[in-house]
Structure formats: C-alpha cells, structure tokens
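Biologist: I'm new to this one, so please don't hurry. Could you pick a single part of the surface and take me through it closely?

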Amino acid sequence: VIIVPYRDSGDDVWLPKLNRVQAHFEELLAPRGGRLLVVEQSDDGEAFKRGQLLNAGFLALASDWQTEVVVLHNLSALPDA
C-alpha cells in the first residue's frame, strides 16, 4: 500500500501530480495485489496537515491489516512535468 496525502489547493499544481502518481502506481501495484490510498484533506482553510493525513491513512489500513509493506509518499517530491 502506498499512502498519498493530498489537498487540492486550487492552483493546478497538485492535481496533475496526483493524477500522474495514480496512473503510474496503479499500473505497477494492481498486478501485485497492491493499492494506492489517497487521503484527502478538506478545503477547511487550515494549513496542510500531511502528518495527520498519513496517520489517518495508516489507521484506516489497521482495520484491514493484510499489508506487509506501507509506503508514505510525498507529492511535493515529484518534479513538475
């Protein structure tokens, strides 16, 4: 499982990166039984809380714990395409 925290900031920077990550990893993960978990923060006017989103994603997996590997991803590490 790859957990990706996300919030749409409305500036057309993050959604294209998320779409690239989804397309790439779903192609790689699906044949191996893996999955991509996107945890999205609402547009609540608060600062982006990446750590809390990662924790929430990890806890969501705990109810269905058949996962051997959990990867925490950071969209800001991707170069712009």
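Modeller: Let's look at the patch of negative charge on the surface, and then at what lies around it.

A few ground rules come before that. This is a predicted model, where local features need pLDDT of at least 70 and side-chain atom pairs count only at pLDDT 80 or more, while totals for chains, interfaces and linings use all residues. Residues are numbered from 1 along each chain as its sequence is written, and side-chain values use heavy atoms, with hydrogens and water left out.

To get your bearings, follow the chain along its sequence: the pattern is β-α-β-α-β. That gives two helices and three strands (DSSP runs numbered from the N terminus, H or I of at least four residues for helices, E of at least two for strands). The C-alpha atoms fill a box of roughly 35 × 25 × 15 Å along the principal axes. Of the 81 residues in the chain, 27% are buried (under 20% relative accessible area; exposed is over 50%, partly exposed in between, with a 1.4 Å probe and protein chains only).

Now for the patch itself. Asp8, Asp11, Asp12, Glu40, Asp43 and Asp44 gather there, on the surface. To join a patch, like charges must lie within 9 Å, on residues with over 30% relative accessible area and no salt bridge. Asp and Glu count as negative, with the charge placed at CG of Asp or CD of Glu.

Two members are worth a visit. Glu40 is in strand β2, and it counts as exposed because its relative accessible area is 52%. From Glu40 to Trp14, 26 residues apart along the chain, the C-alpha separation is 12 Å. Asp43 belongs to the loop between β2 (36-40) and α2 (50-62). Asp43 has a relative accessible area of 71%, so it is exposed too.

What about Glu46? Glu46 forms a salt bridge with Lys49, their closest N and O atoms being 3.6 Å apart. Side chains of opposite charge can pair when their charged atoms come close. The rule asks for a side-chain nitrogen of Lys or Arg within 4 Å of a carboxyl oxygen of Asp or Glu, and by it the count comes to one salt bridge. Glu46 is partly exposed because its relative accessibility is 42%; Lys49, at 31%, is partly exposed as well.

Back in strand β2 you'll also find Leu37, which counts as partly exposed because its relative accessibility is 25%. Leu37 and Leu72 are 35 residues apart along the chain, with 9.8 Å between their C-alpha atoms.

One last stop is Val69, in the loop between α2 and β3 (71-72). Val69 is exposed, because its relative accessibility is 51%. Its C-alpha atom is 6.4 Å from that of Val1, though 68 residues separate the two along the chain.

How values were computed
Patches are made of residues with over 30% relative accessible area and no salt bridge: like charges are joined within 9 Å, nonpolar side chains (Val, Leu, Ile, Met, Phe, Trp, Tyr) within 5 Å. Accessible areas come from the Shrake-Rupley method with a 1.4 Å probe; for residues, only the protein chains shown count as cover.
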